[in-house]
Amino acid sequence: MSDHPGGGEVLLSATGKDGTNDFEDIGHSEDAREMMEKYYIGEIDEETVPQKRTYIPPHQMSNDTASEFFIKLLQFLVPLLLLGLAISLRNYTKKE
């Protein structure tokens, strides 16, 4: 895979399926087609290839109302704390 000119990711994206269309869509050169003969392994048994890949969505985090409340509280308190710190620092360093 490390020797593939397009990178290993290209090969991995065609794993588990017929990569003919992927190969043809790129528009490979004659040199690439000659190299393909060297690495040819065999035909794929069509019966073993799934007809349709099923999409499995990533696991969604549940909406926890307690954590949402905590985040909103922090969004309100942090700016107030920074403002209070800035005012205190100004008063402390102010020359009388």
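Helices (runs of H or I with at least four residues) and strands (runs of E with at least two) are taken here from DSSP and numbered from the N terminus. Read in this way, the elements of the protein follow the order α-α-α-α from the N terminus on. The protein thus divides into 4 helices and 0 strands. The radius of gyration, taken over C-alpha atoms, is 30 Å, well over the 12 Å that the globule rule gives for 96 residues, so the protein is more spread out than a compact globule. That rule is 2.2 Å times the number of residues to the power 0.38. Along the principal axes, the C-alpha atoms fill a box of roughly 85 × 35 × 20 Å.

The model is a predicted one, in which local features need pLDDT of at least 70 and side-chain atom pairs count only at pLDDT 80 or more, while totals for chains, interfaces and linings use all residues. Residues are numbered from 1 along each chain as its sequence is written, and side-chain values use heavy atoms, with hydrogens and water left out.

The surface comes next. Of the 96 residues, 4% count as buried, where buried means under 20% relative accessible area, exposed means over 50%, and partly exposed lies in between (1.4 Å probe, protein chains only). About 9,700 Å² of the protein is exposed, and carbon and sulfur atoms supply 60% of this area; the method is Shrake-Rupley with a 1.4 Å probe. As for charge, the 9 positive and 17 negative charges have mean positions 24 Å apart. Lys and Arg count as positive and Asp and Glu as negative, with His and the chain ends not counted; each charge is placed at NZ of Lys, CZ of Arg, CG of Asp or CD of Glu.

The domain assignment, automatic or from a database, gives domain 1 (1-60) and domain 2 (62-95). Their centres, taken over C-alpha atoms, are separated by 53 Å.

Two annotations from an unreviewed UniProt entry can be set beside the model; such annotations may be inferred rather than shown by experiment. One, "domain: Cytochrome b5 heme-binding", covers residues 1-45. Over these residues the chain is 51% helix and 0% strand, with 23 Å between the end C-alpha atoms. The other, "transmembrane region", covers residues 69-89. Here the chain is 100% helix and 0% strand, and 30 Å separate the end C-alpha atoms.

Asp 18 offers a closer view. Asp 18 sits in the loop between α1 (8-13) and α2 (20-26), and its relative accessibility is 41%, so Asp 18 counts as partly exposed. Between the C-alpha atoms of Asp 18 and Ala 86, which are 68 residues apart along the chain, the separation is 63 Å.
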